[in-house]
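Open the model in your viewer, with the sequence panel alongside. The stops below say what to select and what is there.

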Amino acid sequence: MDILIGLQWGDEGKGKFIDLIGRDYDIIARFNGGANAGHSIYYQGNKITLKLVPSGIFCPHIKNLIGTGVVIDPVAFKAEIEELAHIIPRQDLIDRILISKKSHLVLPTYRYWDIYMEHSPVYRTIGTTKNGIAPSYSNKILRQNLRVGDIYSDNFKDDTYKILNRQYTELQLLGQDMPALEELYADFLKGCNFLKQLAITDTEIFLNQALHDSKKVLAEGAQATLLDIDHGSYSYDTSSNTIAAAACVSLGVSPKLVNKIYGVTKAYCTRVGHGIFPTEITDQIADELREKGGEFGSNTKRPRRVGWLDLPALKYAIMLNGVTDLVLTKADILSGMSEVPVCTAYEINSETRDLTAPTSVDDSVRPVWKFLDGWDFPFSKINQQSQVPKELKLFISFLEEELKIPVKYLSTGPQREELIILGN
């Protein structure tokens, strides 16, 4: 099994890379997050944003598996499938998706808990997508949630209504505006009935049998390393574990069966929502990069914060994940700049550190900068390594020397085929 991970605060271009290399795999397995994750892929000239469906869905031979560590909103999932059915035959979609019966459900009241907590003065405001992801994971840990496999239980409707009614009453008492309870309940049950059309199974058994039969599996991560609930910039992070080790836990696959670990990074940084961001820029250049790079949330459309490449954070992410192959994206967005700033270390209390946990720094951290020569080249003309401009080659060599890991892939644009393999 191979694993693909984002190495920054998300939005590195993981979906595009998976879509390209996915043709070499038999199974793509999503292992964390929920409908708050958006992977943008260009298919037949159109930009498609996937939320819960794994990124192998555009390769006809691939089985797409949603693992136990994913939380599933049946209403959002049904809507996503119906949207995809405009470009992929509906039955083909249904036949190629498997869901873990141990995956937890996102109840319709959860998004209103998100909304309430985001706007309440007694809770932290962290900038969530308000998709009900955190309440789903928290109720999972409290052992008060429902799982996908429960939809086949004779008591499912009654159990669901009891939970919804209790939470609905609590939210109303707190002053949260709500639609009618019966409406939420009915839509949720429709979504759950839709799930029954798909293969709901013990996906860990399916995956281990597939690996035993020499099938190729790629585990797909959502969000990114620096948003990991344990190792990211807490509390401004996501609600699940996003690092490579989480793939084994979520999918029920032994670490002994892991081969390659792909890490994807942009040539600069972005993040959505609040939280520490040592290399953030807020001037006109940030606005230009945001527009040029399309740095707006795939799901939320929120403008992303923009910053220069952060090597201490990147080294930390590479260490946590054990990355074997580095994927560099969006170098084309920096084309035309006379110089490209890179943060090589942090200055903290007069001490310089080139590797530290981003959770250990605060707004007082001062980046140590190195300025590299920029490049100005029409990336649409690059389809092999020899055509990469000299300045970008030097940039890549600098990264490899600093990070002690090879850059194996270079993205040259947003389309599926706009990617070249690098080698000596």
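How many of the residues of strand β15 (residues 325–329) are buried? Five of its five residues are buried, so this strand is mostly covered by the under 20% cut-off for relative accessible area. Keep in mind from here on that the model is predicted.

**Stop 1: strand β15 and its neighbours**

Select residues 325–329 and show the side chains. In a regular strand the side chains alternate between the two faces of the sheet. In β15, Asp325, Val327 and Thr329 lie on one side, and Leu326 and Leu328 lie on the other. Both faces are covered, and these residues are all buried.

Now add strand β11 (residues 261–266), which pairs with β15 in the parallel sense over five bridges. To find the register, pick Gly263, whose bridge partner in β15 is Leu326. Then add strand β19 (residues 407–411), which runs parallel to β15 and is joined to β15 by three bridges. Here the pair to pick is Val327 and its bridge partner in β19, Tyr409.

**Stop 2: the whole sheet**

Which strands make up the sheet, and in what order? Colour the strands in the order β9-β7-β5-β2-β10-β1-β11-β15-β19-β20: this is an open sheet of 10 strands with mixed pairing. The edge strands are β9 (199–201) and β20 (419–421), each of which pairs on one side only. From one strand to the next, the twist averages 20°.

Elsewhere in the sheet, select strand β2 (residues 27–30) with strand β5 (residues 63–66). These two pair in the parallel sense over four bridges. Arg30 has Ile66 of β5 as its bridge partner.

**Stop 3: two helices**

Select helix α9 (residues 244–251). What does α9 lie across? The helix crosses β1 (2–6), β2, β5, β10 (217–220) and β11, and runs at about 125° to β1.

Next select helix α1 (residues 14–21), which is mostly covered, with eight of its eight residues buried. The buried set includes charged side chains to click on, among them Lys14, Lys16 and Asp19, as well as Phe17, Ile18, Leu20 and Ile21.

**Stop 4: Met337**

Go to the loop between β15 and β16 (339–348), where Met337 is placed. Is Met337 buried or exposed? Met337 counts as buried because its relative accessibility is 17%, and the cut-off for buried is under 20%. Leaving aside neighbours within four places in sequence, Met337 is in contact with Trp308, Gly374 and Trp375. Draw a distance between the C-alpha atoms of Met337 and Trp375: they are 6.4 Å apart, although the two residues are 38 residues apart along the chain.

**Stop 5: salt bridges**

The whole structure holds 19 salt bridges. Start with Asp11 and Arg304, whose closest N and O atoms are 3.2 Å apart. This pair links distant parts of the chain, 293 residues apart: Asp11 is in the loop between β1 and α1, and Arg304 is in the loop between α10 (284–292) and β14 (305–310). Asp11 is partly exposed at 23% relative accessibility, whereas Arg304 is buried at 5%.

Move to Lys101 and Asp202, whose side chains meet in a salt bridge of 3.4 Å, N to O. Lys101 lies in the loop between β7 (97–100) and β8 (104–105), and Asp202 in the loop between β9 and α8 (203–212), so the pair ties together parts that are 101 residues apart in sequence. Both partners are partly exposed, Lys101 with a relative accessible area of 34% and Asp202 with 21%.

Then select Lys102 and Glu204, a salt bridge with its closest N and O atoms 2.7 Å apart. Lys102 is in the loop between β7 and β8 and Glu204 is in helix α8, 102 residues apart. Lys102 counts as partly exposed, at 24% relative accessibility.

To finish this stop, select Asp11, Lys266, Glu295, Arg304 and Lys330 together. Salt bridges that share partners join these five into one network.

**Stop 6: a surface patch**

Switch to a surface view and select Met117, Val122 and Tyr123, which make a nonpolar surface patch of about 280 Å². Tyr123 is in the loop between α4 (110–119) and α5 (133–141), and is partly exposed, with a relative accessible area of 39%.

Note on methods
Residues numbered from 1 in each chain as written. Predicted model: local features only at pLDDT ≥ 70, side-chain atom pairs only at ≥ 80, totals over all residues. Heavy atoms only, no water. Buried < 20%, exposed > 50% of the residue type's maximum accessible area, 1.4 Å probe, protein only. Pairing = 2+ DSSP bridges. Patch = residues over 30% accessible without salt bridge, like charges linked within 9 Å, V, L, I, M, F, W, Y side chains within 5 Å. Areas by Shrake-Rupley, 256 points an atom, 1.4 Å probe, with all protein chains shown as cover. Salt bridge = Lys/Arg side-chain N within 4 Å of Asp/Glu carboxyl O. Axes fitted to C-alpha atoms, helices over the stretch in contact; angles between N-to-C directions. Contact = heavy atoms within 4.5 Å.
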